[in-house]
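Dear colleague,

Please find below the structure that I am handing over to you. I would be grateful if you could look through it alongside the notes that come after it.

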Amino acid sequence: MGRTPGPARAPSDAPTFYEEVGGHPTFVRLVDAFYAGVAGDEVLRPMYPEDLGPANQRMLMFLEQYWGGPTTYSEQRGHPRLRRRHAGFRVDGDARDRWVRHMRAAVDTLGLPPAQEAVLWDYLERAAHSMLNTVDA
């Protein structure tokens, strides 16, 4: 199965964004910090099964693949189809904002250089907004 559509690929001799930001350890820190926030969130936590571990692993694999790392996500799960996979959950403005808040806190733990942080954050914020599937009343 091919690579998930993501940022433009660098020439083969140039490092991918995944490599530039520190590879697997960086993405593990990001995802772990994010789910630490979700674990205590009264709106987001009920959207997950009791064990957050599988969701953590899926997000880790997805983000690593998206940014030029291993293609494990597609090999195990196929195309991401993010909106479709999240369609069963009520994602309104409040849920999106909470997701963004926890992800922002997680990104801040990484201490990335400003240019790399901006690239990562731009994608994450756009992804959060694209998941909206419920209009606020």
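The paragraphs that follow describe what was found, beginning with the overall picture and then turning to individual helices, the core and the salt bridges.

Please bear in mind that this is a predicted model. The mean pLDDT of the protein is 86, and 82% of its residues reach 70 or more. Confidence is highest in helix H2, at a mean of 98, and lowest in helix H5 (residues 82-86), at 54.

The protein contains seven helices and zero strands. Of its 137 residues, 41% are buried. Among contacts between residues at least 6 apart in sequence, 70% join residues at least 24 apart.

Helix H2

Helix H2 covers residues 24-39. At 1.5 Å a residue, its 16 residues should span 22 Å, and the end C-alpha atoms are indeed 22 Å apart, so the expected and computed values agree. The buried residues of H2 are Thr26, Phe27, Leu30, Val31, Phe34, Tyr35 and Val38. These residues cover an arc of only 155° around the axis, which means that they sit on the same side of H2. A general property of helices is relevant to this pattern: an α-helix has 3.6 residues a turn, so residues three or four places apart point the same way. The face of H2 turned away from the buried side carries the exposed residues Pro25 and Ala36. As for what covers the buried residues of H2, the list includes helix H1 (17-20), helix H3 (53-66), helix H6 (93-108) and helix H7.

Helix H7

Helix H7 runs over residues 114-130. Its 17 residues should span 24 Å at 1.5 Å a residue, and its end C-alpha atoms are 24 Å apart, which agrees. Buried in H7 are Gln116, Leu120, Trp121, Tyr123, Leu124, Ala127 and Ala128. Seen down the axis of H7, these buried residues fall within an arc of 160°, so they line one face of the helix. On the other side of H7, Pro114 and Ala115 are exposed.

Gln116 deserves a separate remark. With a relative accessibility of 16%, Gln116 counts as buried, the cut-off for that class being under 20%. Not counting residues up to four places away in sequence, Gln116 touches Phe17, Glu20 and Val21.

The nonpolar core

The largest nonpolar core has 34 residues. Those with the most contacts inside this core are Leu30, Leu63, Trp67, Trp99, Met103, Leu120 and Leu124. The elements that give two or more residues to the core are H1, H2, H3, H6 and H7, and H3 gives the most, with seven residues. Leu124 may serve as an example of the packing. Leaving aside its neighbours within four places in sequence, Leu124 is in contact with Leu63, Trp99, Met103 and Val107.

Salt bridges

The structure holds seven salt bridges. One of them joins Arg98 to Asp41, with the closest N and O atoms 3.2 Å apart. Arg98 lies in helix H6 and Asp41 in the loop between H2 and H3, so this pair ties together parts that are 57 residues apart in sequence. Both Arg98 and Asp41 are buried.

Two further salt bridges lie within single helices. In helix H6, the side chains of Asp108 and Arg104 meet at 2.6 Å, N to O. Because Asp108 and Arg104 are four residues apart in that helix, they are separated by about one helical turn. Asp108 is partly exposed, with a relative accessible area of 47%, and Arg104, at 22% relative accessibility, also counts as partly exposed.

In helix H7, Asp122 and Arg126 form a salt bridge at 3.0 Å, N to O. Asp122 and Arg126 are likewise four residues apart, and therefore about one helical turn separates them. Asp122 is partly exposed at 40% relative accessibility, as is Arg126, with a relative accessible area of 48%. Finally, salt bridges that share partners join Asp41, Glu42, Asp94 and Arg98 into one network.

Yours sincerely

Key: Residues numbered from 1 in each chain as written. Predicted model: local features only at pLDDT ≥ 70, side-chain atom pairs only at ≥ 80, totals over all residues. Heavy atoms only, no water. Expected span 1.5 Å × (residues − 1). Buried < 20%, exposed > 50% of the residue type's maximum accessible area, 1.4 Å probe, protein only. Arc of directions from axis to C-beta. Contact = heavy atoms within 4.5 Å. Core = buried A, V, L, I, M, F, W, Y, C linked by side-chain atoms within 4.5 Å. Salt bridge = Lys/Arg side-chain N within 4 Å of Asp/Glu carboxyl O. pLDDT = per-residue confidence, 0-100.
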